[in-house]
Amino acid sequence: MPSISRRSVLGGSLAGAGTLALPPLALPPLTTPALAQPAVLRIGLMLPFTGTFAALGEAIASAFNLHLKELGGKMGGRTVELVRVDDESDPAKAPSNVNRLLGREKVEALVGTVHSGVVMALVQAAREQQIPLIIPNAGNVAATRELCAPSVFRSSFSNWQPAYGMGKALAAKGIKKAAWVTWDYAAGKESAEGFGDGLRAGGAELTKVLTLPFPETNFQPLLAQLPGLGVQAVGSFFAGGGAIQFVKDYAAAGLRDKLPLCGSGFLTEGVLKAQGAAAEGIQTALHYGDGIDNAKNTAFRAAYKATTNRDADVYAVQGYDAAQMLAIGLAGTKGDAAAAKELSAAIRAAKIDSPRGAFTISASHNPVQTIWLREAKNGENRVIGAAAEALADPGTGCKAA
Ligand code: PHB
């Protein structure tokens with residue numbers, strides 16, 4: 001049996017976790033038959049339900065729930081109880097939120113989160129305690145590169161993937177120099193790197209990265225600099241409430257016709273209605289889009305709409321697939337969440353029947369997936385081609401997954 005302790009992740013540093021006096025857990029040995037386990041399996045859903053990413057967290061939770069209902073409320077033969085925690089997209093609060101889930105709330109598996117900084121506390125706990133973790137959004141590359149682990153999986157993307165696709169597509173259009181505008185945190189920086197790599201793959205270059213602190217939305221000082229940069233296009237990573245504001249401000253500054261705006265698809269995902277005419281014509285790259293024609297997507301979109309009264313978006317897809325992945329892993333261990341090796345092997349061997357199109361999982365536990373080029377038109381992110389097919393994150397530095 002792996003040594004499982006409830007070590008604290010207070011303080012948040014990956015190296016220096018302290019010790020929290022929590023009662024020892026009566027975890028079952030790896031081979032315990034399902035009958036000997038507590039009937040109820042508690043799963044922690046740590047997501048933002050307030051702040052700029054609130055709608056993203058709600059979409060993930062709703063779609064996770066949708067698949068759980070399809071499974072009759074059970075995974076691996078055990079009745080699932082979800083424990084929701086609002087992480088507020090605040091990295092400073094992440095260690096105590098994770099500790100609460102693993103301590104007081106006694107969850108046996110974790111699902112979270114959206115924000116690349118916040119996810120680090122979840123990754124740390126999952127690595128140290130071999131708790132299954134499915135990341136349903138946060139693209140922090142470290143989670144599936146140098147910090148990869150047997151129990152850590154992503155149902156989403158790495159920050160590098162969509163931005164790489166966008167850079168490649170832009171270079172293919174003949175753009176030679178581009179800039180990137182984003183928030184100053186892991187997702188912004190890593191997507192800038194992906195964008196630059198994609199541009200370079202097509203013979204173009206990223207000449208400037210402009211940032212502002214997360215989750216600020218005072219874009220004017222950055223917008224004012226763009227015309228003087230000598231670039232032919234501007235790429236960006238923003239999402240949620242911040243993306244609504246950025247796209248509106250970009251149009252209001254009169255930049256749309258001078259410098260075409262593009263980005264990782266989060267820029268226009270789930271927010272097109274709120275952006276209105278300001279988003280019309282913006283091209284982005286993402287692992288999902290409107291017009292993906294497969295039976296799973298059709299059924300998923302109808303069921304999601306029926307249960308939430310909202311249109312599905314990439315966040316909903318990632319939440320749904322997080323539930324699929326966890327259910328597959330737990331089916332492989334007959335509900336034993338502590339059987340890290342077996343659970344991991346079951347997910348790793350699966351082809352996930354996703355609404356985005358079926359995907360496999362790389363050796364570092366990140367989806368290998370097509371990045372679509374989309375164009376915003378009449379309230380839809382219409383797929384207009386493939387920006388990069390069957391794209392895997394480079395997985396650099398991953399040894400142990
Ligand atoms: C992230 O912080 O990794 C992140 C947040 C929102 C997105 C995508 C990535 O839409």
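**Ligand environment and selected elements of the predicted model**

A polar side-chain atom of Ser 116 is placed 2.6 Å from an oxygen atom of the ligand. This arrangement belongs to a predicted model, and the distances reported here are accordingly computed from its coordinates. Two further polar contacts involve ligand oxygen atoms. For Tyr 185, a polar side-chain atom lies at 2.5 Å from an oxygen atom of the ligand, whereas for Gly 139 a polar backbone atom is found 3.0 Å from a ligand oxygen atom. The protein buries 100% of the 280 Å² that the ligand exposes when taken alone.

The surroundings of the ligand comprise 16 residues, of which Ser 116, Gly 139, Tyr 185, Ala 239 and Tyr 315 come nearest. By residue class, this shell consists of 11 nonpolar and 5 polar residues, with no charged residue. Both domains contribute to the shell: at least three residues are drawn from domain 1 (41–157 + 294–361), and at least three from domain 2 (160–286 + 374–391).

Helix α1 was examined next. This helix covers residues 54–70, and its 17 residues should span 24 Å at 1.5 Å a residue. The C-alpha atoms at the two ends of α1 are 25 Å apart, in agreement with that expectation. Helix α1 is mostly covered, with 12 of its 17 residues buried. The buried positions are Ala 54, Leu 56, Gly 57, Ala 59, Ile 60, Ala 61, Ser 62, Ala 63, Phe 64, Leu 66, His 67 and Leu 68. Just after α1, Gly 72 adopts a positive phi of about 70 degrees.

The loop between β5 (133–135) and β6 (152–154) contains Pro 136, and Ser 151 also lies in the loop between β5 and β6. Pro 136 has a relative accessible area of 0% and is therefore buried, the criterion being a value under 20%. By the criterion of under 20%, Ser 151 is likewise buried, with a relative accessible area of 6%.

Each of these loop residues can also be related to a position distant in sequence. Pro 136 and Ala 323 are 187 residues apart along the chain, and their C-alpha atoms are separated by 9.1 Å. For Ser 151 and Ala 401, a sequence separation of 250 residues is accompanied by a C-alpha to C-alpha distance of 7.8 Å.

Technical notes: Residues numbered from 1 in each chain as written. Predicted model: local features only at pLDDT ≥ 70, side-chain atom pairs only at ≥ 80, totals over all residues. Heavy atoms only, no water. Near = heavy atom within 4 Å. Polar contact = N/O pair within 3.5 Å; in protein donor to acceptor, adjacent residues only side chain to side chain. Areas by Shrake-Rupley, 256 points an atom, 1.4 Å probe, with all protein chains shown as cover. Nonpolar A, V, L, I, M, F, W, Y, C, P; charged D, E, K, R; others polar. Domains from an automatic or database assignment. Helix = DSSP H or I, 4+ residues; strand = E, 2+ residues; numbered from the N terminus. Expected span 1.5 Å × (residues − 1). Buried < 20%, exposed > 50% of the residue type's maximum accessible area, 1.4 Å probe, protein only.
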